[in-house]
Amino acid sequence: MKAIVFYEYGAPEVLQVQEIEKPVPRAGEVLVRVRAASVNPADHYLMRGRPYVFRMMSGWTRPKVNGIGQDFAGVVEGVGSGVDALRTGDEVFGEVAGQFSDVTRSFAEYIRVSAASVVTKPSNVSFAEAAAVPLAGRTALHALRDCGRIQPGQHVLINGAGGGVGVFAVQLAKHFGATVTAVCSESKGGLLRELGADRIIDYRQQDFTAERVSYDLIVDMVSSQSVRRCRRVLATHGTYVWVGAPDTDRWLGPLRPMFAVLWMSVLGGRQRWRCAATPQLPDDLMFLARLLADGKLRPVIDRRYPLEHGADAIRYLEQGHACGKIVIEV
Ligand SMILES: NC(=O)c1ccc[n+]([C@@H]2O[C@H](COP(=O)([O-])OP(=O)(O)OC[C@H]3O[C@@H](n4cnc5c(N)ncnc54)[C@H](OP(=O)(O)O)[C@@H]3O)[C@@H](O)[C@H]2O)c1
């Protein structure tokens, strides 16, 4: 089968499309013929071996796992022993667990994956749309519901609303009954309004922390403002949830601003300061699958690339301005 593999850390040039052995499902696993996979910042950290702190898991000098890609959607082509809930021909989507040994990855024609980490694809969404959901959708859900304890009627600000996680966060916050302010670049305002945002702030024109508004919940994908500035616009009993930041620090990458948030969680008084570390829970993917089936959640795909051009998909992600998700079609 064809798969994207890499044997050293580096720029997208390290990615090669190669013929490798087709995996065989083991007990508790399924073999999925991948039809689409989506790209996440996690794939770019893995490819570059940056931030270095991640190499503690992925391999110090070279990658322990040579495949790449986490999210996928496809068709079950084989089942291992002990798998009763899925059959050959089922259309599914899911995620490869974040382990760093004995796994196959999703930028490939086939993937061997735990049956517990896939769910049935709703028939009203395409493979590409389903592949766009897992990590970004679950992160948005975890940040709003578990870390943010979102409540109907709250005023929520989503910073980085136009990206992979952001487009799901805006829709889910509306689903939970909040009033949503989306911070994004001007060109994404129309789409985010369509997805339910009540108010748009173009971050190139306006600093959201300079307003005289207070938010019950801030979900921050970009850490573009310091926690001290965010504190000003957070309600007395409000919650700030850190999700991510640009990869500017070679050792800690997006994790650096997280330490300020952890510090605030100790000193923040009545305000709550939380960091999202998305656990892999099949129930959350099931929750999102139901919203997709009911037409209440819309995946947004910015660009699609064939498997052979997977390196270009990561190059585009690295520019940092994708609108929703980038998908690799297999
Ligand atoms: N904690 C976790 O469990 C977890 C899980 C998944 C992802 N993450 C992290 O979350 C972050 C976002 O992931 P993603 O998949 O959404 O990335 P993405 O698809 O690259 O989206 C980032 C978005 O931020 C926007 N942006 C850039 N600068 C901005 C600014 N100053 N103000 C507001 N928006 C700005 C960009 O679009 P425009 O500039 O064009 O508006 C882009 O759409 C990453 O750091 C990722 O590593 C964390």
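**Group meeting talk: a walk through a predicted model**

Glu95, if we set aside residues up to four places away in sequence, touches Gln70, Asp71, Phe72, Val113, Ser117, Pro134, Leu135, Arg138 and Gln280. I begin with this residue, and I should say at once that what we have in front of us is a predicted model. Glu95 belongs to strand β5, which covers residues 91–95, and with a relative accessibility of 1% it counts as buried. Please look at one of its partners in particular, since the side chains of Glu95 and Arg138 are joined by a polar contact of 2.7 Å.

Let us go on to helix α4, which runs over residues 134–147 and contains His142. Is His142 buried or exposed? His142 has a relative accessible area of 10%, and because buried means under 20%, we call His142 buried. When its neighbours within four places in sequence are left aside, His142 is in contact with Cys147, Ala276, Ala277, Thr278 and Pro279.

That brings us to the cysteines, where I would ask how many disulfides the structure holds. The number is 0. Take Cys230, which is in no disulfide, and whose nearest cysteine sulfur, belonging to Cys275, is 12 Å away. Cys275 is in no disulfide either, and here the nearest cysteine sulfur is that of Cys147, at 8.3 Å. Why do these not count as disulfides? A disulfide is a pair of cysteine sulfur atoms within 2.5 Å, and the 12 Å at Cys230 and the 8.3 Å at Cys275 do not meet that cut-off. As for their surroundings, Cys230 is buried, its relative accessible area being 0%, whereas Cys275 is partly exposed, at 23%.

Cys230 also appears in the next environment, that of Ile218, a residue of strand β11, which spans residues 215–220. Ile218 is buried, with a relative accessible area of 0%, and, apart from neighbours within four places in sequence, it is in contact with Leu157, Cys230, Val233, Leu234, Thr239, Tyr240 and Val241. It is also worth following the chain here, for Ile218 and His155 are 63 residues apart along it, while their C-alpha atoms are separated by 8.8 Å.

A comparable exercise can be done with Gly67, which sits in the loop between α2 (55–58) and β4 (71–79). Although it is a loop residue, Gly67 is buried, with a relative accessible area of 17%. How far apart in space are Gly67 and Thr104, C-alpha to C-alpha? They are 6.3 Å apart, with their positions 37 residues apart in sequence. Beyond its neighbours within four places in sequence, Gly67 is in contact with Ile4, Phe6, Leu46 and Arg105.

Leu46 leads us to helix α1, where Asp43, His44, Tyr45, Leu46 and Met47 are buried. The cover over the buried residues of α1 includes β3 (29–39), α2 and α10 (310–318). Just after α1 comes Gly49, which takes a positive phi of about 65°.

Helix α10 can be described in a similar way, with Gly310, Ala311, Ala313, Ile314, Tyr316 and Leu317 as its buried residues. As you follow them along the helix, keep in mind that an α-helix has 3.6 residues a turn, so residues three or four places apart point the same way. The buried residues of α10 pack against β1 (2–5), β3, α1, β14 (301–306) and β15 (325–329). Just after α10, Gly320 takes a positive phi of about 80°.

I will finish with the ligand. Which residues are the closest to it? Of the 26 residues that surround the ligand, the closest are Tyr45, Lys188, Tyr203, Ala276 and His321. Tyr45 places a polar side-chain atom 2.7 Å from an oxygen atom of the ligand, and in the side chain of His321 an N or O atom is 2.7 Å from a ligand oxygen. Val243 takes part through its backbone, with an N or O atom 3.1 Å from a nitrogen atom of the ligand. Taken alone, the ligand exposes 920 Å², and the protein buries 86% of that. Two or more residues of the surrounding shell come from each of α1 (41–48), α5 (164–175) and β9 (179–184). Sorted by class, the shell has 13 nonpolar, 12 polar and 1 charged residues.

Technical notes:
Residues are numbered from 1 along each chain as its sequence is written. This is a predicted model: local features need pLDDT of at least 70, side-chain atom pairs count only at pLDDT 80 or more; totals for chains, interfaces and linings use all residues. Side-chain values use heavy atoms; hydrogens and water are left out. Buried means under 20% relative accessible area, exposed over 50%, partly exposed in between (1.4 Å probe, protein chains only). Helices (H or I, at least four residues) and strands (E, at least two) are DSSP runs, numbered from the N terminus. Contact means heavy atoms within 4.5 Å. A residue is near a molecule or strand if one of its heavy atoms lies within 4 Å of it. A polar contact is a pair of N or O atoms within 3.5 Å; within protein, one must be able to donate a hydrogen and the other to accept it, and residues adjacent in sequence count only if both atoms are side-chain atoms. Accessible areas come from the Shrake-Rupley method with a 1.4 Å probe; for residues, only the protein chains shown count as cover. Ala, Val, Leu, Ile, Met, Phe, Trp, Tyr, Cys and Pro count as nonpolar, Asp, Glu, Lys and Arg as charged, and the others, Gly among them, as polar.
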